[in-house]
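Reader: Please take me through one part of this model in close detail. I would like to start with the nonpolar core and work outward from there.

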Amino acid sequence: MRTTTVGDVTFLLPDLDPEDLDQVSDLSDGDLRDGLVDGVSWRGEQFAEQSIRGCRITGSDLGEVSWEAGALYGCEIVGTDLSGATLTGVSIERCSFIGSRFTGARLIDVRLKDVLFDSCRFDYATLNRVSVAGSVAFTNCTLSHGSWSSCRLSGVALRSCDLSDLELESCRLDGADVRGSRLHRLKTPLDNLHGVVLGQEQLPDLTRLAVDALSIVVRAAG
């Protein structure tokens, strides 16, 4: 495992050597451990209470998979397509997702701990009751046009992300670091932003959010 820091958030991530992993191409009914999954297509497959541990998944198609009540631990997922995937009750710990796509994905009752999403796409994705139990960071991610509801994301880092047209409802983001992220057209009640960390250059965007939320009418002096 290796230690990585994003802003003020420090967490543990896997440090896998492909030479120590066994090549995997077929999806088995049992748990998957210490595997190298490169360029495979498991599109539309169903996982039930399966565990994937210590694996490196690269350039693969996991679009529209359905995964319920399983675990992803100590894995690296690089350049992989999870568009339209549904993850329900899955625990994700000590994992990194690099340049992967979650467009239109649905994450329900997912628990995150020591997880990095870097340069990933979550546009049009739905997060419902997603919670963080440790350090979690989204960096340089596209989160636009998504819908997040009843999520508990205290202390999460959302650095240099596109949050335009992201809808937040009943979410807890206290202590979340959103510096460098685009807040333009973020759709949220102001109480969802209680306790977040902003950069000074983001204050105009916050002002616009407040004006819209409070239905304030701004007119020129006459």
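Author:
**The core and its surroundings**

This is a predicted model. Its largest nonpolar core has 57 residues. Ile92, Phe97, Phe117, Phe138, Leu143 and Trp148 have the most contacts inside this core. Three strands each supply at least two residues of the core: E13 (91–98), E15 (111–118) and E18 (136–139).

Take phenylalanine 138. Setting aside neighbours within four places in sequence, Phe138 is in contact with Phe117, Phe122, Leu143, Val156, Ala157, Leu158, Arg159 and Cys161. Phe117 and Leu143 are also among the core residues with the most contacts.

Another core lies apart from the largest one. This other core has 7 residues, including Leu13, Leu116, Ala137 and Ala157. Ala157 also appears among the contacts of Phe138.

Leu13 leads to strand E2 (residues 9–13). Side chains alternate along E2. Val9, Phe11 and Leu13 point to one face and are buried. Thr10 and Leu12 point to the other face and are not buried. In a regular strand, side chains alternate between the two faces of the sheet.

E2 pairs with strand E1 (residues 2–6). The two run antiparallel, joined by 5 bridges. Valine 6 stands opposite valine 9. Threonine 5 has threonine 10 as its bridge partner. E1 and E2 form a hairpin, with 2 residues between them. Glycine 7, in the turn, has a positive phi of about 60°.

Now back to E15. Arginine 111 is found in this strand. Is Arg111 buried, exposed or partly exposed? Its relative accessible area is 33%, so Arg111 counts as partly exposed; the class in between runs from the buried limit of 20% to the exposed limit of 50%. Not counting residues up to four places away in sequence, Arg111 touches Val90, Ser91, Ile92, Glu93, Ser131 and Ala133. Ile92 is one of the core residues with the most contacts. Arg111 and aspartate 15 are 96 residues apart in sequence. In space, their C-alpha atoms are 21 Å apart.

Last, the surface. Leu190, Leu214, Ile216 and Val218 make a nonpolar surface patch of about 370 Å². Valine 218 lies in the segment after helix H1 (203–213). Val218 is classed as exposed because its relative accessible area is 66%, and the cut-off for exposed is over 50%.

Terms used:
Residues are numbered from 1 along each chain as its sequence is written. This is a predicted model: local features need pLDDT of at least 70, side-chain atom pairs count only at pLDDT 80 or more; totals for chains, interfaces and linings use all residues. Side-chain values use heavy atoms; hydrogens and water are left out. Buried means under 20% relative accessible area, exposed over 50%, partly exposed in between (1.4 Å probe, protein chains only). Helices (H or I, at least four residues) and strands (E, at least two) are DSSP runs, numbered from the N terminus. Two strands pair if DSSP finds at least two bridges between them. A nonpolar core is a set of buried Ala, Val, Leu, Ile, Met, Phe, Trp, Tyr and Cys residues joined through side-chain atoms within 4.5 Å. Contact means heavy atoms within 4.5 Å. Patches are made of residues with over 30% relative accessible area and no salt bridge: like charges are joined within 9 Å, nonpolar side chains (Val, Leu, Ile, Met, Phe, Trp, Tyr) within 5 Å. Accessible areas come from the Shrake-Rupley method with a 1.4 Å probe; for residues, only the protein chains shown count as cover. A salt bridge is a side-chain nitrogen of Lys or Arg within 4 Å of a carboxyl oxygen of Asp or Glu.
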